[in-house]
Amino acid sequence: MVIGIGTAILAGTAVLVFTWGTSAPAGTVLYASDPDVVALGRTIYTDNCAACHGPNLEGESNWRSPGSDGRLPAPPHDETGHTWHHDGDTLFRLTKYGTAALIGDPDYESNMPVYEGVLTDDEIIAVLSYIKSTWPQEIRDRHDEMENRQ
């Protein structure tokens, strides 16, 4: 649940201050229409995600087939991938806690890092909001419908 969003000025630089809490909120809301959240998310994505998922969210080639290490390559987060098939809460938990925790299999091996302790909850939500902001309107609408049914 969103408690509030505010802005603060530090050393002449606008800094976004989010107060969504420190645990995965049930029914995580993505802010794909908020330009400030999307801009922050884009920066965090570039710094933390683009090396694997691609600068244009295109993912790695053959992302549906395990590589030589037996692990799946990074999927695309654009409209060609499956990211938009998952609600915000699932995407949040996958990013924060990792695939193994999400599926309940501690032995599952993935190249996807766990971002708990690396990114704040608010930063994860910003990244997911940025990703959603890049989807065509039809897919964003479908994602919104899916989230509203829950």
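**View 1. Asp89 and Arg93 meet in a salt bridge, with N and O atoms 3.0 Å apart.** A salt bridge here is a side-chain nitrogen of Lys or Arg within 4 Å of a carboxyl oxygen of Asp or Glu. The model is predicted: local features need pLDDT of at least 70, side-chain atom pairs count only at pLDDT 80 or more, and totals for chains, interfaces and linings use all residues. Residues are numbered from 1 along each chain as its sequence is written, and side-chain values use heavy atoms, with hydrogens and water left out. Both partners sit in helix α3, four residues apart, about one turn of the helix. Asp89 is buried, at 17% relative accessibility. Arg93 is partly exposed, at 29%. Buried means under 20% relative accessible area, exposed means over 50%, and partly exposed lies in between (1.4 Å probe, protein chains only).

**View 2. The whole protein holds six helices and two strands.** Helices (H or I, at least four residues) and strands (E, at least two) are DSSP runs, numbered from the N terminus. In order from the N terminus, the elements read β-β-α-α-α-α-α-α. The protein has 150 residues, and 39% of them are buried. Four salt bridges are counted.

**View 3. Arg71 pairs with Glu109 in a salt bridge.** Their closest N and O atoms are 3.0 Å apart. Arg71 lies in the loop between α2 (50-53) and α3 (88-97), and Glu109 in the loop between α4 and α5, so the pair ties together parts that are 38 residues apart in sequence. Arg71 is partly exposed, with a relative accessibility of 24%. Glu109 is also partly exposed, at 49%.

**View 4. Asp144 and Lys132 form a salt bridge, with the closest N and O atoms 2.5 Å apart.** This pair links distant parts of the chain. Asp144 belongs to helix α6 (residues 137-148) and Lys132 to helix α5, twelve residues apart. Asp144 is partly exposed, at 32% relative accessibility. Lys132 is buried, at 3%.

**View 5. Helix α5 is mostly covered.** Twelve of its 13 residues are buried. Among them are Ile124, Ile125, Val127, Leu128 and Ile131. Charged side chains are on the list too, including Asp121, Asp122 and Lys132. From first C-alpha to last, α5 reaches 18 Å, close to the 18 Å expected at 1.5 Å a residue. The expected span is 1.5 Å times one less than the number of residues in the helix.

**View 6. Helix α1 has a buried face.** Val37, Val38, Gly41, Ile44 and Tyr45 are buried in α1. Seen down the axis, the buried residues fall within an arc of 130°, so they line one face of the helix. The arc is that of the directions from the helix axis to the C-beta atoms. On the other side of α1, Pro35 and Asp47 are exposed. The helix covers residues 35-48, 14 residues in total. Its end C-alpha atoms are 20 Å apart, which agrees with the 20 Å span expected at 1.5 Å a residue.

**View 7. Asp34 reaches a backbone nitrogen at the start of α1.** A side-chain oxygen of Asp34 comes to within 2.9 Å of the backbone nitrogen of Asp36. A polar contact is a pair of N or O atoms within 3.5 Å; within protein, one must be able to donate a hydrogen and the other to accept it, and residues adjacent in sequence count only if both atoms are side-chain atoms.

**View 8. Leu72, Ile103 and Tyr108 form a nonpolar patch on the surface.** Together they have about 260 Å² of accessible area. Accessible areas come from the Shrake-Rupley method with a 1.4 Å probe, and for residues only the protein chains shown count as cover. Patches are made of residues with over 30% relative accessible area and no salt bridge; like charges are joined within 9 Å, and nonpolar side chains (Val, Leu, Ile, Met, Phe, Trp, Tyr) within 5 Å. Tyr108 sits in the loop between α4 (99-103) and α5 (121-133). Tyr108 is partly exposed, at 31% relative accessible area.

**View 9. Leu57 and Asn62 in the loop between α2 and α3.** Leu57 has a positive phi of about 65°, although it is not a glycine. Asn62 also has a positive phi, near 55°, and is a residue other than glycine. Leu57 is buried, with a relative accessible area of 3%. Asn62 is exposed, at 60% relative accessibility.
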